[in-house]
Amino acid sequence: VLSHNLCTVLNVPHDPVALEEHFRDDDEGPVSNQGYMPYLNKFILEKVQGNFDKVEFNRMCWTLCAKKNLTKSPLLISDEDAFKVWVIFNFLSEDKYPLIIVPEEIEYLLKKLTEAMGAGWQQEQFDHYKIALNTSREGLSAWELIDLIGSGQFSKGMDRQTVSMAINEVFNELILDVLKQGYMLKKGHKRKNWMERWFVLKPNIISYYVSEDLKDKKGDIILDGNCCVEALPDKDGKKCLFLIKCLDKSFEISASDKKKKQEWIQAIQTTVNLLRAGSPPPHKEARQKRKELRQKLLAEHEELERQMKELQTANENKQKELETVRKQLEAAAARAAEEEKKRLQTQVELQDRFSLELEREKMVRQKMEEQVAQKSSELEQYLQRVRELEEMYKQLQGALEDEKQARQDEETVRKLQARLLEEESAKRAELEKWHLQQQQTIQMTEAEKQELENQRMIKEQALQVAMQQLKQLELERKEALEQYEEVKKKLETAANNTKSWKDKVAQHEGLIRLIEPGSKNPHLITNWGPAAFTEAELEQRQKSWKGKKATSE
């Protein structure tokens, strides 16, 4: 249902086969967002051409999320106004998820609403609110923005209708790209009469309607870079005239006063200049500039923070270095004093020991000579050991060369085994692909078998219904035959009764007579056709019957 409605709103052809194919193997429960998003991107959003009603699309999205997220507390704005605030939030929010509106955009929106309501902007009040907001979070969500505007915190003293009109005006400007609107008189092209129309100026078109409810549209004035607007002198009793020149035709319009005339001329000329320059509407350009300014300030702030962190880190490192140097100097001074004390003590001790050392040196010299002789013999043994080690080193190098050759042979065998494993994996993948194709073919056969079984069940049900109808018709036919027999019997009884009554009348009244030409008077009609007697004869016979009846009584 969601996919079908999205395709309808976005003017995209719905493909139920692709939907069934995408979710073919999902039989465990509701589809998650991660499972639905690839389908949404591939089969719906990639096909959107842009020729859809964005307001209706927003209204559908609002229907999906408003009931779950909209606060239950009473607000000073209606649901329709809440929807418009939600759409404005989507326009002004940052391009990252989850969507939030930063304090700068909140200030811009509240200023626009305050200006539309004709009230004064309370900058100090908003600064306090902004400080409280920045201490807790970066911005507001859509539902928090609706609560903020619906609570009336920045629209105190204003009634619901004024707030609603302000929201509608801002919605028309930011979302519907309405640059200016209002009543003016327009001169007709054929009848040359002046009619009051409601004009709506958008970035590339001026539409005019019978009234401001926008239900009865009378025409459009297509704007491009070749259009121009100029003031006209008063004429034909009309004042505040100006002319809009296009390539195919021109339009004469009369404003209500000079101020309105100047505002409309300036607004139309600004729109034409934007079309010539290829620039976006003013509010979209201003939003882009605000966004770029925020990004620039954010980058500068991040760079400043980085520099501050670097300076702080460098300062901390310098402090640590200074502290280390101070400690080193103190330790060095302490060591120098201790060493000086030790040096003096050592000098005294050395003078005492010097004489003893001389005696000992003589004894040591003799021992050293003995040791030198011993070391000479040990050196010869050491050189012999070195020669043996060099021989062992050569043998080890030969063993290493043999081991290196063995490793190369092992690497060759390993590469051969890897290639065989790759071929085996390729064959296994091909076999698995064939197996998957067989499974798909089996599944398709099962689906066709199920479809034939369903058709057989439907035909059996239809046959049972037809048999029941046949039995019902048979019963009705029997009842009709019985009724026919009863009617036939009644007709025979009535015919017998009529025949006996005719005989009695003919016997008593002598109705048997010669056939004579009938009178020109209207004939009487009986149950058996035209009567054989006239109206006068009938009256005479009625009198005769009444006389006989009175005599018999």
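Colleague: What makes strand 3 and strand 4 a pair in this predicted model?

Modeller: Happy to go through that one. Pairing asks for at least two bridges found by DSSP, and five bridges join strand 3 to strand 4, residues 217-222. The two strands therefore count as paired, and they run antiparallel. One of the partners to look at is G219 in strand 4, which bridges to Y208.

Colleague: How do you know that strand 2 pairs with strand 3?

Modeller: By the bridges again. Strand 2, residues 194-202, is joined to strand 3 by five bridges, and the requirement is at least two, so this is a pair too. The direction is antiparallel. K202 has I205 of strand 3 as its bridge partner, and two residues lie between the strands in a hairpin.

Colleague: Why is strand 3 called mostly covered?

Modeller: Strand 3 spans residues 205-209, and five of its five residues are buried. Buried stands for under 20% relative accessible area, so each of the five falls below that cut-off.

Colleague: Which residues of strand 3 point one way, and which the other?

Modeller: I205, S207 and Y209 share one direction, while I206 and Y208 take the other, and all are buried. In a regular strand, side chains alternate between the two faces of the sheet.

Colleague: What makes strand 7 a partner of strand 1?

Modeller: Two bridges join strand 1, residues 180-187, to strand 7. The threshold is at least two, so the count is just enough for a pair. They run antiparallel, with L185 bridged to S254 of strand 7.

Colleague: How do you know that strand 6 pairs with strand 7 as well?

Modeller: Here five bridges connect strand 6, residues 241-245, with strand 7 in the antiparallel sense, so the minimum of two is met. F242 sits opposite I253 of strand 7, and a hairpin of four residues links the two strands. Strand 7 itself, residues 250-254, is mostly covered, with four of its five residues buried.

Colleague: On to the helices, then. What makes helix 5 and helix 9 neighbours in contact?

Modeller: Contact needs heavy atoms within 4.5 Å, and D81, K84, V85, V87, I88 and F91 of helix 5 meet S164, I167, N168, V170, F171 and L174 of helix 9. By class, the contact has eight nonpolar, two polar and two charged residues. The axes of helix 5 (residues 79-92) and helix 9 (residues 160-174) come within 10 Å and cross at roughly 35 degrees.

Colleague: Is that crossing left-handed or right-handed?

Modeller: Left-handed. The near helix is therefore turned anticlockwise from the far one by less than a right angle.

How values were computed
Residues numbered from 1 in each chain as written. Predicted model: local features only at pLDDT ≥ 70, side-chain atom pairs only at ≥ 80, totals over all residues. Heavy atoms only, no water. Buried < 20%, exposed > 50% of the residue type's maximum accessible area, 1.4 Å probe, protein only. Axes fitted to C-alpha atoms, helices over the stretch in contact; angles between N-to-C directions. Nonpolar A, V, L, I, M, F, W, Y, C, P; charged D, E, K, R; others polar.
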